[in-house]
Amino acid sequence: MRDISDYLSALNPRQKTAVTAEDGPLLVTAGAGSGKTAVLINRIAWLIAERKVPANRIIAVTFTNKAARELKVRVQDLLFEITDGPVEPIVGTFHGLCNQFLRIRYEEAGLSQHFSIMDQDDQKSFIASLIKDNRIDLLNILTPKSLQSYINKSKEARRRAGQGDTYYPHQRQQEQVYELYEVECEKQSRIDFAELMLRTVELMERNTQVRQHIQERFLHVLIDEFQDTNELQFRWMELFCGKHRNITAVGDEDQSIYSWRGALAWNLKRFEAVYPDTRIIRLEQNYRSTRPILDAANALIEFNSNRYEKKLWTGKSGGSPIKLFNAADADREASFVVDQINQIASLGRDWSDFAVLYRTNAQSRNFEEGLSHKGIPFRVYGGVRFYHRREVKDVLSYLQLVANPNANDALLRAAGMPPCGIGSVTKRRVATRAEVQEFSFWEAAVELAEESGGTGVSGLRNLVGRVNELKDKSTEYSLGKLIKAAIDISGIGEHLKNHSDPSERSRIENLDELINAGYAFQQLQESQLGSEILGEYLDTVVLDPGDTHDDVSQGHVQVMTLHAAKGLEFPVVFLTGLDENVLPHFFSTNRVNEFDDSNDAGIEEERRLCYVGMTRAEEVLYLTRASNRMVRGKYTRYTRSRFLAEIPRHLLENVGFDSVPEPIRPQPEAPFSRWLGVSVRHQKFGPGIVIAIDNQGAESFLTVEFEKYGAKTVLSNFVSIDEV
DNA sequence: AAAGGATGAATTTTT
DNA sequence: TTCATCCTTT
């Protein structure tokens, strides 16, 4: 049996300090590529193996299911040789963990046992039908989408209906819809993503017994990607670690790119404020990128304010400068990228070594066309997820109805697919009946089906019969078999098979895939019957609808947005669209509507996005741009991104203009001004204090009074802020 | 209920 | 330009 210290020896000193930190609040600010996942994994393993903390009394939280799976597997792998017993730390996403919690404590949380979870799409149509059914005349600045965001934002701020501002008419209407929404969710036993968190937090706050039990149980709480936590999640953390206060938060404010979804990078600072005895460890050694890439990324992010001063460094030497290409238009930008990929690949690289990154999905088309034109295999991340496909949702609506008959939208969906004579008139009858009798659409449909009537009523009779048949089967069938039954009994399979449109017919393949997924899911759980496993399956489908980008993408060039690229790394990266109003995006520089905040904060998030993109690159980084882009059918001129001017020029190599280059913009602001008087550390000269700053173009020279060498003027790239 | 036409909107999307 | 959604028509 090996000793845990063998593994620890693979860590650098700071990582080791973080891994073996004693009890109490611990904050790890981990720069891109600095091995934060390794720290998390090793810390959990160390707690279990060295500190003998029972694995099931450790809870680790991530934002994605993928990250949760990876964390769990790697901890288990690491401990496999060290411990004998099974190792099961509790690892999951915030929402997944809250769901598990609420499934057990649904009663105390005031939920129906059969509550079903709505994803974003479900929620949006739920709100839309709410507005329609209640005949609400929406003010013209409000839409179902804006109301959805209002409701979610309110919940994230822990505001219930009736607690928001009502000064303006539109605010009153927002509150009105929010109130209706809560009532309707209650009636239909529906719950949305934010509600999973809010209910959990509210229950913990309200119920002392539950709180104490949880706080007692979890000896250690660990949270990954802390810069992405929102208000609710911060509160969740406080509640979960309230007793033992053994909380490890890992994050990087420079990679906070989800503030528009309520993430508060500021939570890192707040953590320190809430836990004054916090131990802070900074991981600054980067193991991913070559030096020019790091230097450029560092210089760029330096323009942001309110950061922890930290500077990534690498022990690696060498590395080629960043290649900059100015294209005349987006087509040429794409063909340049494709040509470069072809050339570099011919020197012996796999297609999957390349990534093409962009700010908006609309930019992908040129690259897709260029790549397929040259016959290069590629995969575009994003797009419609399997479980969001129309035919899949249609089939699942029948199962949803079995699991939660109160789900009105599931009934309406099932009623429309396959077409069975139930049109808008019949649907309205169902809705009216449900309203009058104060029960669900399902019950209304059952009642109406027993009366006599025309095609609509016989359609309802059909539908009710089918769902009841499925309900019977659900008690005896396995999940895969049940899904197959849903496809057959509903008639969706038959309907698609006979469709005149071949693209509709091809949807059958997805349904076959759905059946397979059902069998696979059943395998994963212990053998349970359909009725028991169905609920779990429907939860999983919503909370973990699978990657749009499977790991089978080997042998393909990776094409994706900057957001999708976070957490990934590639040997060769093309960061495209470095144009003003593309990156930074137009919305961050111009106020377009009341919902976006165009200000420094907006630009700074764009800068972080750019930073995230650059730090994805291991060896080669290209920055490309185009002077003309087709937008809404019109050619629009673009100027170079301000971010290009923020990267020291000696790190950039122009590999081509195929248009007249625009003059470089003047330096926006003296970059290192905040460094004056700050104590810093130079790679060669050691510690010192900055006494003067000289900005020359994109480069900055710092005059530093060194402890050991006196005053010297050095390039800012070689200086980092001293650790406090 | 389905198909065709008009209309309007167009960042990013871990759960 | 392109795509999705709504509305009209049959």
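Let me start with two helices: the axes of H13 (residues 291–301) and H28 (residues 600–614) come within 10 Å and cross at roughly 170 degrees. That makes H13 roughly antiparallel to H28, a label given to angles over 145 degrees. Axes here are lines fitted to C-alpha atoms, for helices over the stretch in contact, and angles run from 0 to 180 degrees between N-to-C directions. Helices are DSSP runs of H or I with at least four residues, numbered from the N terminus.

Before going on: this is a predicted model, where local features need pLDDT of at least 70 and side-chain atom pairs count only at pLDDT 80 or more, while totals for chains, interfaces and linings use all residues. Residues are numbered from 1 along each chain as its sequence is written, chains are lettered from A and ligands numbered from 1 in the order in which they are written, and side-chain values use heavy atoms, with hydrogens and water left out.

Back to the pair. On the H13 side, the contact (heavy atoms within 4.5 Å) involves Ile293, Ala296, Ala297, Asn298, Leu300 and Ile301. They meet Arg607, Arg608, Cys610, Tyr611 and Met614 of H28. By class, that is eight nonpolar, one polar and two charged residues. Nonpolar covers Ala, Val, Leu, Ile, Met, Phe, Trp, Tyr, Cys and Pro; charged covers Asp, Glu, Lys and Arg; the others, Gly among them, are polar.

The second pair is H21 (residues 479–490) and H24 (residues 507–524), whose axes come within 7 Å and cross at roughly 155 degrees. H21 and H24 are therefore roughly antiparallel to each other. H21 contributes Leu479, Gly480, Lys481, Ile483, Lys484 and Ile487 to the contact, and among the residues from H24 are Leu511, Leu514 and Phe521. The classes are eight nonpolar, three polar and two charged.

Now the DNA. How many residues surround strand B? The number is 26, and the closest are Arg261, Arg359, Arg385, Ile422 and Gly423. A residue is near a strand if one of its heavy atoms lies within 4 Å of it. This surface has eight nonpolar, 13 polar and five charged residues. Of the strand B atoms within 4 Å of the protein, 53% belong to sugar or phosphate and the rest to bases.

Arginine 359 has a polar side-chain atom 2.5 Å from a base oxygen of strand B. For tryptophan 260, a polar side-chain atom lies 3.4 Å from a base oxygen of strand B. Isoleucine 422 uses a polar backbone atom, 2.4 Å from a phosphate oxygen of strand B.

Last, DNA strand C is surrounded by Arg365, Arg632 and Gly633.

Technical notes: Angles under 35 degrees count as roughly parallel, over 145 as roughly antiparallel, 65 to 115 as roughly perpendicular and the rest as oblique. A polar contact is a pair of N or O atoms within 3.5 Å; within protein, one must be able to donate a hydrogen and the other to accept it, and residues adjacent in sequence count only if both atoms are side-chain atoms.
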